[in-house]
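Work through the two exercises below on pockets and their linings. Keep the sequence and the model in view.

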Amino acid sequence: MKPVSEHNCHIDPTDIEICLGHDEPLYEQNGTMMPPVYQTSLFAKKTFAELVNAFPAEHQNYIYSRGQNPTVDALEKKLAALEHGEACKCSASGMAAVSSLFYGLLKRGDHILFVNNIYGPTLQLANHLRRFGIEHNVCLSRDTESIERDIRPETRLIYFESPATMTFRMLDIRQLVELAKSRNILTAIDNTWATPLFMKPLAMGVDISLHSLTKYVGGHSDVVAGALITNAELHREIFANGYMLNGGAMAPWNGWLLIRGLRTLPNRMLQHHRDGLQIARFLSDHPAVARVNHPAFVTEDCDLLPQLSGFSSLFSIELKTEKFADICSFIDNLRLFRTGVSWGGVESLVISPSNGSNADVLRQKGISPGLVRFSVGLEGVEALIADLDQALSKISV
Ligand SMILES: *Cc1c(COP(=O)(O)O)cnc(C)c1O
């Protein structure tokens with residue numbers, strides 16, 4: 001099968017400048033190319049009055065590194081610019097960003113509507129919020145009528161993924177935003193898959209763009225981190241009521257590693273885009289594979305592809321066999337694809353949501369028990385295809 005769209009990859013030249021550091025001030029008179037790691041917990045002021053005056057706008061002043069830190073700030077300014085937002089807050093993990101968002105904006109009696117398949121721990125956190133009187137439900141249908149039917153008078157936030165966890169199905173974001181705005185409901189997208197380079201949700205009217213920077217932005221499987229990009233008003237609210245109180249601050253050293261990750265992000269994403277497509281194409285032609293869940297290979301979603309300016313390399317296939325033993329041996333026979341969680345690093349990874357006894361739970365979420373997810377790394381397509389070929393040939397069709 002050919003992908004429904006060859007869909008050229010495009011990265012904005014301004015984004016490349018931001019990633020490479022052309023937006024940065026000269027940090028020292030000697031012209032150092034990287035921002036310093038401000039490894040400090042607090043910032044002393046010349047006078048007590050200066051400190052007192054800084055407190056009301058702690059989100060804009062350096063007082064204490066649980067709030068603001070100059071190294072982290074340098075990263076935040078870049079991410080805000082890349083996503084066309086007014087402000088960004090970085091956190092110790094993607095989940096710290098999710099919890100800052102929920103704690104920062106929601107109160108007892110509010111309802112969250114999740115749309116599309118959602119990262120598991122995000123839904124687990126939403127389950128915990130029920131103890132505090134915050135309800136939610138998940139709408140797996142992607143059409144506007146079904147989504148509209150699931151909105152309640154108490155719905156305060158519509159939180160979605162596009163492409164979604166495991167299934168990689170896309171949503172019509174503009175239509176969803178229009179619906180939410182007509183009901184005065186905030187919208188948040190987990191934009192980790194597309195990275196700040198391949199999708200600009202705020203430019204489509206989404207209120208909050210969330211990232212696990214652990215994945216492509218870090219890019220080297222060496223840092224856990226998250227980010228929220230918003231307008232200035234939501235930033236202030238989330239900072240004061242969520243971020244500062246849940247304590248999930250990003251460490252300055254991690255901020256520095258992520259600025260380094262951004263330096264090569266455009267180049268890495270170009271290769272992830274190209275190699276991911278080529279490997280998806282190989283798999284879609286293979287007799288042992290029933291289906292490829294990569295946005296470019298899902299015919300029903302082809303009208304939605306212009307929302308993306310490129311593809312990352314995380315996608316899944318559905319093997320014709322749904323037997324757990326077959327999935328185990330396929331994964332174990334792969335040599336270059338390491339077996340593990342997470343994604344977006346230089347190394348290729350493989351995992352399945354199947355554990356041998358959860359087929360019914362998976363089917364309820366629209367996930368085939370024969371689903372196998374790949375994160376295509378930078379090893380090069382020839383070697384990766386040869387590896388997949390030998391492992392697939394060992395599955396009897
Ligand atoms: C990994 C991930 C998260 C959570 O991020 P952490 O950095 O692991 O806390 C959230 N959403 C998606 C889609 C993810 O893959």
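Helices (H or I, at least four residues) and strands (E, at least two) are DSSP runs, numbered from the N terminus. A pocket is an open set of points on a 1 Å grid over the protein atoms alone, where a 1.4 Å probe fits, with protein on both sides within 12 Å along at least five of seven lines; lining residues have an atom within 4 Å of a point. The model is predicted, and totals for linings use all residues. Residues are numbered from 1 along each chain as its sequence is written.

**Exercise 1.** Describe the largest pocket and its lining.

Solution.
- Start with volume, the space filled by probe spheres set on the points. The largest pocket has about 1000 Å³.
- Next, the lining. It holds 43 residues, with I118, Y119, G120, P121 and T165 nearest the centre.
- Then the elements. At least two residues each come from α4 (94–105), α5 (120–129), β6 (208–212) and α12 (359–364). The largest share, six residues, is from α5.
- Last, the classes: 23 nonpolar, 15 polar and five charged (Ala, Val, Leu, Ile, Met, Phe, Trp, Tyr, Cys and Pro count as nonpolar, Asp, Glu, Lys and Arg as charged, the others, Gly among them, as polar).

**Exercise 2.** Which element gives the most to the lining of the second largest pocket?

Solution.
- The second largest pocket holds about 210 Å³ of space.
- Its lining has 13 residues; D73, E86, A87, C88 and H235 lie nearest the centre.
- Two or more residues come from each of α3 (70–82), β1 (87–91) and α9 (232–246).
- α3 gives the most, with four residues.
- By class, this lining has four nonpolar, four polar and five charged residues.

Methods: Predicted model: local features only at pLDDT ≥ 70, side-chain atom pairs only at ≥ 80, totals over all residues. Heavy atoms only, no water.
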